[in-house]
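Me: Could you take me through one part of this model up close? I'd like the sheet, and whatever sits against it.

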Amino acid sequence: MATLKQIRSRIRTARNIQQITRAMKLVAAARLKRATDRVLEARPYAEKLKAVMGSIAGTGDLPDHPLMSKRPVKNIGVIIITSDRGLAGSYNTNVIRKSGDFVREQTADVSIMAVGRKGSVFFTKRKYNVIQSFSVPSSGARLEDAIVVANYAREKFESGELDAIYVCYAKFFSPIRQVPQIVQLLPIEPVAGDAGPEKLAFDFEPDAESLLATLLPRYFRTLVWQAMVESTASEFGSRMTAMTSATDNAGKMISELTLKANRERQASITKEILEVVGGAEALNG
């Protein structure tokens with residue numbers, strides 16, 4: 001049975017942990033607000049760009065472009081977005097499980113591009129083919145980080161080293177709900193437009209080739225950026241939720257240990273009183 005000194009030591013430890021988890025919760029909450037704002041700002045742009053792609057697809061056959069090149073899929077690249085740090089609840093576990101299941105289902109060779117140290121360490125230790133690892137700041141992914149990832153993946157695809165590229169990330173819905181999903185990035189497939197069976201007629205200025213040369217790389221970078229922004233918000237939401245639970249659990253533990261310490265102290269005092277009374281009666285006898 002734990003002594004009063006041991007119980008008080010556990011109370012001090014629980015209070016220290018509670019202070020740390022409360023501080024982490026507040027930091028995650030502040031960062032989540034900024035990350036959520038970026039998600040809400042990025043989504044309309046991505047949807048509008050997708051609509052533009054749909055309109056162009058309605059013109060009929062599009063000119064050839066390297067990012068739309070389809071070929072037999074012998075090598076698949078998967079961008080797996082996790083965090084650099086832990087203590088984010090089930091965020092990293094869910095993304096790793098989703099991507100791991102996807103990789104095992106493939107019949108072609110799979111190369112992994114890990115964004116975030118957690119995913120990189122997990123797949124490297126298990127001897128998966130991790131061809132590149134990217135780190136992200138603790139404050140969240142930046143646009144320049146997305147450009148670096150997108151440029152690397154694009155280079156691998158255009159060189160023919162990879163025949164298809166997917167991204168695995170956690171789509172943000174709320175601080176308590178993030179859903180991991182797999183999305184194909186390359187080759188870019190024309191988005192179905194709203195023109196129906198009839199093709200629309202467009203006059204391109206400049207020409208269609210120049211338009212695609214500008215639009216498709218931007219569209220690809222936008223998809224990567226959207227995935228990284230969603231992942232950042234999901235990470236902070238999951239971390240805030242996890243740290244809130246940890247803080248509450250520490251508070252419950254402190255209350256239980258305090259009650260136990262009080263009982264031990266009362267029992268000790270009662271025992272001392274009984275010893276004094278017993279000694280006094282022995283002297284009087």
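Reply: Let's start in the middle: strand S1 (residues 75-81) and strand S2 (residues 109-115) run parallel and are joined by seven bridges. One of the pairs is Ile 81 with its bridge partner Val 115 in S2. Strands count as paired here if DSSP finds at least two bridges between them. The helices and strands themselves are DSSP runs, numbered from the N terminus: H or I with at least four residues for a helix, E with at least two for a strand.

A word on what you're looking at: this is a predicted model, where local features need pLDDT of at least 70, side-chain atom pairs count only at pLDDT 80 or more, and totals for chains, interfaces and linings use all residues. Residues are numbered from 1 along each chain as its sequence is written, and side-chain values use heavy atoms, with hydrogens and water left out.

Now the whole sheet. Five strands make it up, in the order S3-S2-S1-S4-S5, and it is open with mixed pairing. At the edges sit strand S3 (130-134) and strand S5 (177-186), each pairing on one side only. On average, neighbouring strands are turned by 20° against each other, direction ignored. For angles, axes are lines fitted to C-alpha atoms (for helices over the stretch in contact), and values run from 0 to 180 degrees between N-to-C directions.

Next, the helices that pack on it. Helix H2 (residues 91-105) touches S1, S2, strand S4 (164-174) and S5, and its direction makes about 40° with that of S5. Helix H4 (residues 143-158) packs on the sheet too, touching S1, S2, S3, S4 and S5, with its direction at about 160° to that of S3. Contact means heavy atoms within 4.5 Å.

Zoom in on Ser 133, which lies in strand S3. Ser 133 is partly exposed, with a relative accessible area of 37%; the scale is buried under 20%, exposed over 50%, partly exposed in between, using a 1.4 Å probe and protein chains only. Not counting residues up to four places away in sequence, Ser 133 touches Ala 114 and Ser 120. Its C-alpha atom is 9.4 Å from that of Val 149, 16 residues apart along the chain.

Over in helix H4 you'll find Asp 145, which is buried because its relative accessible area is 11%. Leaving aside neighbours within four places in sequence, Asp 145 is in contact with Pro 137, Gly 140 and Met 228.
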